[in-house]
Amino acid sequence: MTLTATSIPGYKAGTWTIDPTHSEVGFSIRHIMISKVKGTFDTFSATFVTGENPLDSRVTASAEVASINTNEANRDGHLRTGDFFDAATYPTIDFVSTGVRQEGDDFKVDGNLTVKGITKPVTFDFEFGGFGQDPYGNYKGGASAKAVINREDFGLSYNAALETGGVLLGDKVTITLELQAVHAGE
């Protein structure tokens, strides 16, 4: 299948801005070797510029580290310190796409992720949710995206040995994005 604007029902080229009230930037990490802890960044922004050819689209996004929320205030406070994100020195996590590609029926968004001042290439699996008009006349698009990173690649190496063996935190972090954006025009 060759991707074209007409092969994606409702697709429009132009600039889109994230609707934060209908979007979520989430993550999960293995905790004490038996379960996963999930969290979100509650303050974030993103701009998508979709091309006439969808594969020419690009995205820039940012999440405020201080807005981290794992539903446990002490843990959130610790995550903001130098042991983890060092929010005072590195207040945002940033993503800038470098390309969009299609693999069969799947879409990939490649880009550079910057966490704690360290930039590494990351690929998000991307799934279109669709397009439509909201009750207020805004044209919106929805999508989901997911990537798995190694936190140590970004200088997030804090850990603790457990008395029962193993470690407190896993190395792999799954980033999940539920996105809704409003079309701002060409």
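1. The side chains of Lys108 and Asp125 form a salt bridge, with N and O 2.5 Å apart. Lys108 belongs to strand E8 (residues 106-115) and Asp125 to strand E9 (residues 118-133), so this pair ties together parts that are 17 residues apart in sequence. The two partners fall into separate burial classes: Lys108 counts as buried, at 15% relative accessibility, and Asp125 as partly exposed, at 39%. Elsewhere, salt bridges with shared partners join Asp19, Asp134 and Lys140 into one network.

2. The model under review is predicted. Its pLDDT averages 87 over the chain, and 84% of the residues score at least 70. Among the elements, strand E5 (residues 58-64) has the highest mean pLDDT, 97, and strand E2 (residues 24-31) the lowest, 83.

3. As to overall organisation, the chain holds one helix and 11 strands. Read from the N terminus, the order of elements is β-β-β-β-β-β-α-β-β-β-β-β. Of the 186 residues, 40% count as buried. Where contacts join residues at least 6 apart in sequence, 58% of them link residues at least 24 apart.

4. Salt bridges deserve a further remark. Side chains of opposite charge can pair when their charged atoms come close. The search of the whole structure gives five salt bridges. Arg101 takes part in a salt bridge with Glu103, where the closest N and O atoms are 2.3 Å apart. Arg101 also meets Asp110 in a salt bridge, at 2.6 Å from N to O. Arg101 has a relative accessible area of 30% and is therefore partly exposed. Glu103 is likewise partly exposed, at 40% relative accessibility, whereas Asp110, at 18%, counts as buried.

5. The pairing of strand E7 can be described from both sides. E7 pairs with E5 in the antiparallel sense over five bridges, and Ala63 stands opposite Ile93 in E7. E7 and E8 also run antiparallel and are joined by nine bridges. Within this second pairing, Gln102 has Phe107 in E8 as its bridge partner. The hairpin of E7 and E8 has two residues between the strands, and Gly104 in this hairpin takes a positive phi near 65°.

6. Two residues other than glycine call for attention on backbone geometry. Most residues other than glycine have a negative phi, and most peptide bonds are trans. Asp86, which is not a glycine, has a positive phi of about 50°; this residue is found in the loop between helix H1 (73-79) and strand E7 (92-103). Lys116, also not a glycine, has a positive phi of about 55° and is found in the loop between E8 and E9. At 17% relative accessibility, Lys116 falls under the 20% limit and so counts as buried.

7. The nonpolar interior is best approached through its most connected members. The largest nonpolar core has 38 residues, of which Phe41, Phe48, Phe85, Leu113 and Phe124 touch the most other members. What does Phe124 contact, leaving aside its neighbours within four places in sequence? The partners are Phe95, Phe107, Lys108, Val109, Ala145, Lys146, Ala147, Ile175 and Leu177. Two residues in that list have already appeared above: Phe107, as the bridge partner of Gln102, and Lys108, as the salt-bridge partner of Asp125.

8. The surroundings of Thr21 complete this review. Thr21 lies in the loop between strand E1 (14-18) and E2. Is this residue buried or exposed? At 65% relative accessibility, Thr21 counts as exposed, because the class begins over 50%. The side chain of Thr21 makes polar contacts with the side chain of Asp19, at 2.7 Å, and with the side chain of His22, at 3.2 Å. Asp19 is also a member of the salt-bridge network with Asp134 and Lys140. Thr21 and Gln180 are 159 residues apart along the chain, and their C-alpha atoms are separated by 8.7 Å.

Notes:
Residues are numbered from 1 along each chain as its sequence is written. This is a predicted model: local features need pLDDT of at least 70, side-chain atom pairs count only at pLDDT 80 or more; totals for chains, interfaces and linings use all residues. Side-chain values use heavy atoms; hydrogens and water are left out. A salt bridge is a side-chain nitrogen of Lys or Arg within 4 Å of a carboxyl oxygen of Asp or Glu. Buried means under 20% relative accessible area, exposed over 50%, partly exposed in between (1.4 Å probe, protein chains only). Helices (H or I, at least four residues) and strands (E, at least two) are DSSP runs, numbered from the N terminus. A nonpolar core is a set of buried Ala, Val, Leu, Ile, Met, Phe, Trp, Tyr and Cys residues joined through side-chain atoms within 4.5 Å. Contact means heavy atoms within 4.5 Å. pLDDT is the predictor's confidence in each residue, from 0 to 100. Two strands pair if DSSP finds at least two bridges between them. A polar contact is a pair of N or O atoms within 3.5 Å; within protein, one must be able to donate a hydrogen and the other to accept it, and residues adjacent in sequence count only if both atoms are side-chain atoms.
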